[in-house]
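Open the structure in a viewer and keep the sequence panel beside it. The stops below are given in the order in which to select them.

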Amino acid sequence: MLNRRPLRRMHRVYLWLAAALLLIASTSAQAIPAYARQTGNACADCHAGAYGPALTPYGMRFKLNGYTDTDSNGVKIPVSAQITGARNVPAEGKSSDELTEADVYIAGRATDNIGGYIKIATDNSGDNKFNSHLSDVDLRFVLKDVNVGKKEATFGVSVNNNPGFQDPVSDLFASTQLGPPDVTGSLLNPSSPNSLAERVIGATVYGLYDSDWYGEIGTYTSLPVSEQDRLGYAPSGDPGKLGDTGYARFAYMKDLKKQFFSAGVVALTTKRDLPRTGPPEDVTDLGYDLTYQFIGNRKNIVQASFVNILELRHYGILPASPIPGVTALTQGAVHDRTLSLTYTFLQTYSVSIAHLESTATRDVVRYEPYGIPDTTSNQFIVSWAPFGKDDSFTHLANLKLSAIWFRFSQFNGASQNVFGAPPGFPPTSARDLDAFLVMASVAF
Amino acid sequence: MSKLFSASFLPCVAAAGLYLGGALMSPFALAGDAGAGSDVFQTECSECHSVKEGRNKKGPSLFGIVGRAAGTAPNYKYSDALLQAHWVWTADKLHSYLSQPARQANPGTKMKYDGLDDPKQLDDLITYLSTIH
């Protein structure tokens, strides 16, 4: 007979997961006022909604140039901060009002060729207990305006801790922090359990040729568990030991000034020991992404993106089967997809809709309770960011008020009784994992 | 003496005024639609230039650009190429400069711009810029 306690614990974990996803998607990789001071630009030059995270083509160029562009007027202090408070109203469980996150950013240029982004986040882990950790890092060395034949090129090196975060198009899951929430996800999805995000360190070499053609290759290794612990991460989320890891990214980007589109492919392959005692599993992510932006005269901006990642796995471990005569599969696949659409009016008011799906090979041993780990969810955001424009009260700081609704229509392959509660136990529907959040962020 | 002064000096002043007025109010500046030019500015220029006085971005402020001597926006570090370009940004000069790649118009400039080849948009833009004083 199934014990009630694990069910409750699992329920609580996934309720927490839904709320955490909302916060992560809403507070990460935002406009950094230190960059505005450095460049003289308004937040809205790089972020359509003046608060991020989605980048305009100009923001992409700033990132590609290693965060080094400047207004040529002296040295600016490369430090910013962000404070976020939220009212979280989950479909099940208690509502809460709390200071959810305080972030410090060390972000800006050191020289004409060296710049970076470092985020140190302090999260409220409940009951006003705060936990600081090193969040995303992207340190760059860049060579600009290099002549290759009759064309110009940019070359650079990025040292970063989240594969895909450094991407200029910034639509990959690590950049948007909006991968499909799931119980087993791809390596390129930071919403996956034991994801690589912020627990690895790697270096990539990239080049942009003739403003349009982008290529990048690199490698990553995971931090030792003790180092993850020192940086503020729970050892339980260890991504495992990685070996022979390779990352590759190619994209065609076209900036037509009033419009922008891109088409790209991305790949990540590794041998992973999880747990670290091995044996290793072979994991390969292959994906493509498409983006389109209508920018026009900046008064009405539409941004759309589609990201599709297929992960192929050759498992190293066969878990014990609870069902006589049935064994776990030795190979499997996971498929993560997101489709998002954002409309921004006057660089101030935004409406955003995202559809997130994760599906995987059916495996009754690996994926309790139904052998299907599929999830389907949607995110809806309405937001207002009054500052950060050339003609606003200030272009060097901003405020963002958002209402966010995260909705699950399928979890563990089911819409009802998603944790497989036996008769007599209260079932949990996918909709019970929904959450609504009202959030206020200030960045300066 | 005063008659002589009046007779010889006033026409010079008038001529200078006509010249300066011509520089600031060229046919290009008068031909466009400033409202449409504001949209062109947003699309073509606003990421690197502000029209606010004293507000430099990657490029210098364009406040009062029409009629300003090249390389003279306060607190902006110009390229040597533009510092040595001893011209005034008249409407005609802006029209010529912006209709071609910046590095062709002023070799050695920091400005990265491929040029605006739509004459109507160019007229609108310069008309708009001429209103920013």
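Begin by selecting chain A, where buried residues make up 48% of the 444 residues. What is shown is a predicted model, with scores of ipTM 0.79 and pTM 0.87.

**Chain A as a whole**

Colour chain A by secondary structure: six helices and 16 strands appear. Its C-alpha trace spans about 70 × 45 × 40 Å along the principal axes. The radius of gyration of chain A is 22 Å, which agrees with the value near 22 Å for a compact globule of 444 residues. Of the contacts in chain A between residues at least 6 apart in sequence, 60% join residues at least 24 apart.

**The cores of chain A**

Next, select A:Ala31, A:Ile32, A:Tyr35, A:Cys43, A:Cys46, A:Ala50 and A:Ala107. Within the largest nonpolar core, which has 34 residues, these touch the most other members. Then add the elements that each supply at least two residues of this core: α2 (33–39), α3 (43–46), α4 (57–64), β2 (96–109), β6 (200–209) and β8 (241–255) of chain A. Which of them gives the most? That is α4(A), with four residues.

Centre the view on A:Cys46. Leaving aside residues up to four places away in sequence, A:Cys46 touches A:Ala31, A:Asn41, A:Leu55, A:Thr56, A:Tyr58, A:Gly59 and A:Phe62. A second core, separate from this one, has 21 residues, including A:Phe173, A:Leu188, A:Tyr247 and A:Ile309.

**A buried serine in a loop**

Go to A:Ser191, in the loop between α5 (173–176) and β6 of chain A. Is A:Ser191 buried or exposed? A:Ser191 has 25 other C-beta atoms within 10 Å, so it is buried. Show A:Pro181 as well: it is ten residues from A:Ser191 along the chain, and their C-alpha atoms are separated by 5.3 Å.

**Backbone exceptions**

The next stops concern the backbone. Most residues other than glycine have a negative phi, and most peptide bonds are trans.

Select the loop between β9 (259–273) and β10 (281–294) of chain A, where A:Pro275 is placed. The peptide bond from A:Leu274 to A:Pro275 is cis, with omega near 0 degrees. A:Pro279 also lies in the loop between β9 and β10, and a cis peptide bond with omega about 0 degrees joins A:Gly278 to A:Pro279.

For positive phi, turn to two aspartates:

- A:Asp145 is in strand β4 (residues 130–148) of chain A, and its phi is near 55 degrees. A:Asp145 counts as exposed because it has 10 C-beta neighbours inside 10 Å, where the limit for exposed is 12 or fewer.
- A:Asp244 is in strand β8 of chain A, with a positive phi of about 50 degrees. A:Asp244 has 11 C-beta neighbours inside 10 Å and therefore counts as exposed.

**Where the chains meet**

Now show both chains. Here 14 residues of chain A are in contact with 15 residues of chain B. On the chain A side, the residues that touch chain B divide into seven charged, six polar and one nonpolar.

**Chain B and its confidence**

Colour chain B by pLDDT. The average is 80, and 77% of the residues score at least 70. Where is confidence lowest in chain B? It is lowest in helix α1 (residues 2–24), with a mean of 41, and highest in α7(B), at 94. Over residues 1–29 of chain B the pLDDT is below 50, and this stretch has 20 contacts in the model beyond near neighbours in sequence.

**Two helices of chain B**

Select helix α3 (residues 34–44) of chain B and pick out its buried residues: B:Gly37, B:Ser38, B:Val40, B:Phe41 and B:Glu44. Why are they on the same side of α3(B)? Around the axis of α3(B) these residues cover an arc of only 165 degrees, which puts them on the same side. An α-helix has 3.6 residues a turn, so residues three or four places apart point the same way. Among what covers the buried residues of α3(B) is α7 (119–130) of chain B.

End with helix α5 (residues 91–98) of chain B, in which B:Ala91, B:Leu94, B:Tyr97 and B:Leu98 are buried. Their arc around the axis is only 130 degrees, and so they lie on the same side of α5(B).

Methods. Residues numbered from 1 in each chain as written. Chains lettered and ligands numbered in written order. Predicted model: local features only at pLDDT ≥ 70, side-chain atom pairs only at ≥ 80, totals over all residues. Contact = placed C-beta atoms within 7 Å. Nonpolar A, V, L, I, M, F, W, Y, C, P; charged D, E, K, R; others polar. Buried ≥ 20, exposed ≤ 12 C-beta atoms within 10 Å, placed from the backbone. Arc of directions from axis to C-beta. pLDDT = per-residue confidence, 0-100. Core = buried A, V, L, I, M, F, W, Y, C linked by C-beta atoms within 7 Å. Rg over C-alpha atoms; globule rule 2.2 N^0.38 Å.
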